[in-house]
Amino acid sequence: MEKGQQFENGGRSTKSFPYYRFSGTHREIGQQYGESCAALIQKHRDYALERLRSKVQIPSMRALEEEALKYRPFVQEYAPFFDEEIQGIAEGSGISLGEAYFLQLRAEIYHHFDTTDECTTFAVLPEASKDGTPLIGQNADLPAFYSEVGIVAEYVPNDGPACLMLTPAGQVSYIGINDAGLGVFANFLVCDGWRIGFPRYLLSRLALTKTSVNEAVALVQSVHRASSRNLILLDQTGKSLDLETVPTHTAAIEAVNGLLAHSNHFVAESMVGEERKTGEDLENSRVRLQRMRTLLESKHGQLDVEAMQELLRDRETAPHTLCRMPGDFGDSITFASVIAEPSKGNLWIAIGPPHQYEYKCYSFSS
């Protein structure tokens, strides 16, 4: 804990991620983003570069930027508004366009190397919740420094739904909801066949340009994807779906008993052959998924924001635990924990590990 932090009676810190609102054209949104978060964006770039250099010899920054910019034509083809925002972020924060693109596709740049990025996601349909309010969210696991560079961003473009997202500073997309009642969360998956294409992190907010699960899934399936990604979606009607994706195809998983959960291995029967996790990495993912399913079922019909907060703080299966601390497994921790009520426009977010921090509610400003 940091000196000077405030604490609740339970001993948890009340420190929270900073919130920013960006509005206007997408270029204006990017410029506002870059100017407001310049120091955090530069810190994120420096940390990400340091981590990459710890794994591989980078010939030069120019070579790295050239590699990142190979993905730009696919962003321009499928979501040119993202390219406008990324240009604005570079301009506003004083980093290069290549560096700004690197922040959008760190996983694709890292994919040749061993990575332990993990997450555990969930969705609770109305029939499994306490009061009929559907829920969706996740414990987001990344290297510990992401607790220092995370922000909550409200994007209010002139030409589409507003979005409320948790994201590392400088990224235009990570996890969150839109003001049409759609929520999209995500997990890391690993398979063969990664290629130059549309970056995986951008899929979440791309999906959030739509208003329903069906529309969002169709859009994600239509793009030339660079890599593998699991998406879990929930809309205002209470419909939810888990979509496992690899570059060339996808598989959908339906809720069972009003519940969905996913971790970091393929579950759909048609996708099991794609799995490239092995050993303890695979065991870690399997244990977390089973623990999430067990806890959700045990609270069926009683699940609300408060119940999910306690569930996401669970550490019973350490080191393969839902709430991950430094030293548990690999170099990742639960840097943030998020519970969304898309139909109400609310994101409840705790800095991680969440058993040490209180959740704060973020809502659309208008």
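Buried means under 20% relative accessible area, exposed over 50%, and partly exposed in between, with a 1.4 Å probe and protein chains only. The model is predicted, so local features need pLDDT of at least 70 and side-chain atom pairs count only at pLDDT 80 or more, while totals for chains, interfaces and linings use all residues. Residues are numbered from 1 along each chain as its sequence is written, and side-chain values use heavy atoms, with hydrogens and water left out.

**Stop 1: Glu 84 and Arg 27**

Select Glu 84, which counts as partly exposed because its relative accessibility is 30%. Then add Arg 27, also partly exposed, with a relative accessible area of 25%. Glu 84 and Arg 27 form a salt bridge, their closest N and O atoms being 3.3 Å apart; the term stands for a side-chain nitrogen of Lys or Arg within 4 Å of a carboxyl oxygen of Asp or Glu. This pair links distant parts of the chain, 57 residues apart: Glu 84 lies in helix 5 (residues 80-93) and Arg 27 in helix 1 (residues 26-36). Helices (H or I, at least four residues) and strands (E, at least two) are DSSP runs, numbered from the N terminus.

Keep Arg 27 selected and add Glu 91, whose side chain meets that of Arg 27 in a salt bridge (2.5 Å, N to O). Here too helix 1 and helix 5 are linked, with Arg 27 and Glu 91 64 residues apart. Glu 91 counts as partly exposed at 42% relative accessibility.

**Stop 2: Lys 130 and Asp 304**

Go to Lys 130, which is exposed, with a relative accessible area of 56%. Its side chain meets that of Asp 304 in a salt bridge (4.0 Å, N to O). The partners are 174 residues apart: Asp 304 sits in the loop between helix 11 and helix 12, Lys 130 in the loop between strand 2 and strand 3. Back at the earlier stop, salt bridges that share partners join Arg 27, Glu 84 and Glu 91 into one network. A search of the whole structure finds 18 salt bridges.

**Stop 3: helix 11**

Select residues 279-298, the 20 residues of helix 11. At 1.5 Å a residue they should span 28 Å, and the end C-alpha atoms are 29 Å apart, which agrees; the expected span is 1.5 Å times one less than the number of residues. Color the buried residues of helix 11, among them Leu 282, Val 287, Met 292 and Leu 296. The buried residues pack against strand 2 (118-124), strand 11 (259-262) and helix 12 (305-312), where contact means heavy atoms within 4.5 Å.

**Stop 4: strand 2**

Move to strand 2, where seven of seven residues are buried. Glu 118, Thr 120, Phe 122 and Val 124 point one way, and Cys 119, Thr 121 and Ala 123 the other way. In a regular strand the side chains alternate between the two faces of the sheet.

Show the neighboring strands next. Strand 2 runs antiparallel to strand 3 (residues 135-143), joined by seven bridges; two strands pair if DSSP finds at least two bridges between them. Ala 123 has Ile 136 as its bridge partner in strand 3. Strand 2 is also antiparallel to strand 11, with four bridges, and Val 124 stands opposite Leu 259 there.

**Stop 5: Cys 37 and Cys 163**

Why is there no bond at Cys 37? The closest cysteine sulfur, in Cys 163, is 16 Å away, too far for a bond. Cys 37 is buried at 1% relative accessibility, and Cys 163 is buried at 4%. The structure holds zero disulfides, a disulfide being a pair of cysteine sulfur atoms within 2.5 Å.
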